[in-house]
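Thanks for sharing this one. Here are my notes, set out point by point, starting with the sheet and ending with the charged pairs.

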Amino acid sequence: MGQVNGGLLVEAGDVHWLRADVALAAAARRQAAQLARGVCFPEDLVARVELCVTEMATNLLKHAHDGSLALRVVRTGGRAAVECLSLDNGPGIDDLPRALLDGTSTAGSLGIGMGAIGRLADVSGVHSLRGRGTVLQARFWADGQAPAPRPVEADGLTRPIGGEQMCGDTWTVRTVSGHGPEALLLMMCDGLGHGPLAARAAERAADAFRESTRTNPVDVLQDIHRNLRGTRGAAVAVALVDAAAQRVHLSGVGNVTALVGTADTRHGLLSVPGIVGVQMPRARAFEAPFPRGSALVMHTDGLSDRWKPADFPGLFAQDPVVVATQILNQAAVRRDDAGIVVAAHGRR
């Protein structure tokens, strides 16, 4: 495997989580507008983002048992977008095609409906599990144009443990030179514990991943190990996904779950015991097929590893951030930080 670095594609960044309560709509409008103006959105686009999050918040309060909004800035290729994600734990949507019709309102909401949210946004997606919950995505690009699709699309999400602002889990994705245009390198990191010290370890791991000039996951993991000395350490997995060769190569140390999934299959990739930066054994690489239509999923132990792709009908055809958000929505353990990153092969 090569020794030439690529460029940063996308990474975790800050996520602003807002729980569903009576003040959700106003808080979401303020936060979304602040994020949009922070990346120089024109005022008419700021207003569209505000309208979108207001409808999301209203739907959560009217129809969901419980839920939250996640708001963030997405940066890739020197461009920026504001993304709004709605997550709830039920009851789900019985007639999703009808709900997506433009102009179909939900009782008591603003009446613009989910179809109009899709019309307002540059990129949108929805996935609903009857009785279990719905995820809704709306992404607004500063210039109104979504980037051209890649052979492998990647994205993820993090959420801190309750009561903490800083998350000790992080992920990042970069392109790879020397493997053709269809290869990406991904990292999933779980800083030991939670809070500021865990977040510091995770950020150090991300720094080392960005700066490494190597592409072999074992070598990149060694670079991260060296950079984490003096911290409390972390569980880390690094994966090279090569769409042209239809293979995944992964090296992991600590409790990070990694698997290649399709609509109804799951192929696990092992990590070895240890703590990166503190006591790391000799790293090993594991491989799995990565056929078109599959997705690599890596997540920390803030999510249960007992889920199966078959538990999520229709999910793996969605945008990677919808995949990541719904798995986090259904599998996250609230007593810990949670982080997940997904790379999807040939979704578009």
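1. In what order do the five strands of the open sheet lie? The order is S2-S3-S4-S6-S5, and the pairing is antiparallel. Strands here are DSSP E runs of at least two residues, helices are H or I runs of at least four, and both are numbered from the N terminus. Two strands count as paired if DSSP finds at least two bridges between them.

2. Before going further, a word on the basis: this is a predicted model, where local features need pLDDT of at least 70 and side-chain atom pairs count only at pLDDT 80 or more, while totals for chains, interfaces and linings use all residues. Residues are numbered from 1 along each chain as its sequence is written, and side-chain values use heavy atoms, with hydrogens and water left out.

3. Back to the sheet. The antiparallel strands S3 (residues 67-76) and S4 (residues 79-88) are joined by ten bridges. One residue to look at is Arg 72, whose bridge partner in S4 is Glu 83.

4. Helix H1 (residues 24-38) packs on this sheet and touches S2, S3 and S4, contact being heavy atoms within 4.5 Å. The direction of H1 makes about 5 degrees with that of S3; axes are lines fitted to C-alpha atoms, for helices over the stretch in contact, and angles run from 0 to 180 degrees between N-to-C directions. Helix H7 (residues 320-331) lies across S2, S3, S4, S5 and S6 (133-141), running at about 145 degrees to S6.

5. Now the charges. The count is 15 salt bridges, each a side-chain nitrogen of Lys or Arg within 4 Å of a carboxyl oxygen of Asp or Glu. Glu 83 appears again here, in a salt bridge with Arg 139 at 2.7 Å, N to O. That pair links distant parts of the chain, with Arg 139 in strand S6 and Glu 83 in strand S4, 56 residues apart.

6. Are these two partners buried or exposed? Arg 139 counts as buried because its relative accessibility is 9%, and Glu 83 is buried at 0%. Buried means under 20% relative accessible area, exposed over 50%, and partly exposed in between (1.4 Å probe, protein chains only).

7. Arg 214 forms a salt bridge with Asp 223 at 2.8 Å, and another with Asp 219 at 3.9 Å. Both Arg 214 and Asp 223 are buried, whereas Asp 219 is partly exposed at 22%.

8. Finally, a network of salt bridges links Glu 11, Glu 203, Asp 207 and Arg 210.
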